[in-house]
Amino acid sequence: MSKKIAFGIDIGGSGIKGAPVDLATGEFAEERTRIPTPDPSTPEAVAAVLLELVDTYDLPADAPIGVAFPGPIHHGTVRFIANLDASWAGVDIPALVHRATGRHAIAVNDADAAGIGELRYGAARETDGVVLVSTLGTGIGSALFVDGALLPNTELGHLEIDGYDAEKRAAESARERENLSWDEWAERLQRYFAVVEDLLSPDLIVVGGGVSKKHDKFLPKLHLRAPVVAAQLRNAAGIVGAAALAADSAALAALAAGGTPTEGTAVNGSPALGTAVDGTAPTVGTVD
Ligand code: BGC
């Protein structure tokens, strides 16, 4: 039997990464491709990169595309953007991707995508209770789950802590920019996660982003009530989660086109992860 594939794309401040994902395992079906983020990173310039990424692979004609984007996504549309060109605000990403590639596409916040990747295939697999997945990169992303259901677009990296936008002090980019030692950076992370923990009382905190591969340098220095673990999918989580959501959305759209599925039916995953039975998604945008 051929593998069920969806294509995941993770748009970041410095690179745009994509890979076909084998949905049975949550692993890349082929090696990932990375293209530097264009400067300026306008929607048109990025759409050209997305097409180039998709064209790199010999994808099945019906393979849907999931785009993980570094800003809050409300019904497919970017609300605001901290780390890419300001002209992204108000852009309908699934429509943009559909125009560029002709494929069914969904868009989801990058940290929410990473959280879904970790929840389905990684460090938070089958974990109930309140789970916080936090990504440390150019910014700080957050994905918050309650018993497997995502509360989308939580944006905890923009909490104001000690008079600062939290990600400006505690993101991985702050460590690099200010040349902080691991101890110095861990102190900032400790402050950030202590505030978040006081607000939300998570049962588990999963720390992702590229720096999570060096987790032994900073995670043991954190002292929180909840267990803190490194993301298992590391930086692949966004691509994998976005691809999984795209597959859900495409399957639901196909079901809706051919008949009404039983209410509450989960297609290839949980009904609680931002998909809707009629093929539209309340928290991730979709275009056929
Ligand atoms: C954005 C979030 C994003 C995070 C990580 C923040 O600046 O506002 O939406 O998830 O960076 O990319």
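**View 1. Leu132 of strand S9 stands opposite Ile205 in strand S14.** This is a predicted model, in which local features need pLDDT of at least 70, side-chain atom pairs count only at pLDDT 80 or more, and totals for chains, interfaces and linings use all residues. Residues are numbered from 1 along each chain as its sequence is written, and side-chain values use heavy atoms, with hydrogens and water left out. Strands (E, at least two residues) and helices (H or I, at least four) are DSSP runs, numbered from the N terminus. Two strands pair if DSSP finds at least two bridges between them. S9 and S14 (residues 204-208) run parallel and are joined by five bridges. On S10, Leu132 has another partner, standing opposite Leu144.

**View 2. Strand S9 (residues 130-136) is largely enclosed by the rest of the structure, because seven of its seven residues are buried.** Here, buried means under 20% relative accessible area, exposed means over 50%, and partly exposed lies in between, with a 1.4 Å probe and protein chains only. Val130, Leu132, Ser134 and Leu136 point one way from S9, while Val131, Val133 and Thr135 point the other way. Strand S10 (residues 140-146) runs antiparallel to S9, with seven bridges between the two. Three residues link S9 and S10 into a hairpin.

**View 3. Five strands make an open sheet in the order S11-S10-S9-S14-S15, with mixed pairing.** Strand S11 (149-151) and strand S15 (228-230) are the edges, each pairing on one side only. On average, neighbouring strands are turned by 25 degrees against each other, direction ignored. Axes are lines fitted to C-alpha atoms, for helices over the stretch in contact, and angles run from 0 to 180 degrees between N-to-C directions. Three bridges pair S10 with S11 in the antiparallel sense, and Val146 stands opposite Ala149 in S11.

**View 4. Helices H3 and H6 meet the strands of this sheet.** Helix H3 (residues 110-121) lies across S9, S10, S11 and S14, at about 50 degrees to S10. Helix H6 (residues 182-200) packs on the sheet and touches S9, S10 and S14. The direction of H6 makes about 150 degrees with that of S9.

**View 5. The largest nonpolar core has 29 residues.** Such a core is a set of buried Ala, Val, Leu, Ile, Met, Phe, Trp, Tyr and Cys residues joined through side-chain atoms within 4.5 Å. Those with the most contacts inside this one are Ile9, Ile11, Phe69, Trp88 and Ile93. Strand S1 (5-11), helix H1 (43-55), strand S5 (65-69), helix H2 (93-101) and strand S8 (105-109) each give two or more residues, and H1 gives the largest share, with six. A second, separate core of 26 residues includes Leu132, Leu144, Ala166 and Val207. In soluble globular proteins, nonpolar side chains tend to be buried together.

**View 6. Ile93 and Thr101, close up with their contacts.** Contact means heavy atoms within 4.5 Å. Leaving aside neighbours within four places in sequence, Ile93 is in contact with Val67, Phe69, Ile73, Gly76, Val78, Trp88 and Ala107. Thr101 sits in helix H2 and is buried, at a relative accessible area of 18%. Not counting residues up to four places away in sequence, Thr101 touches Leu51, Val54 and Ile65.

**View 7. A cis peptide bond joins Asp39 and Pro40, and two residues have a positive phi.** Most residues other than glycine have a negative phi, and most peptide bonds are trans. The cis bond has an omega of about 5 degrees, and Pro40 is found in the loop between strand S4 (33-36) and H1. His75, which is not a glycine, has a phi of about 50 degrees. His75 lies in the loop between strand S6 (73-74) and strand S7 (77-78) and counts as partly exposed, at 46% relative accessibility. Glu155 has a phi near 55 degrees and lies in the loop between S11 and strand S12 (160-161).

**View 8. Helix H7 (residues 237-258) has 22 residues and is mostly covered.** Buried residues make up 16 of the 22. The expected span is 1.5 Å times one less than the number of residues. H7 should therefore span 32 Å, and its end C-alpha atoms are 32 Å apart, which agrees.
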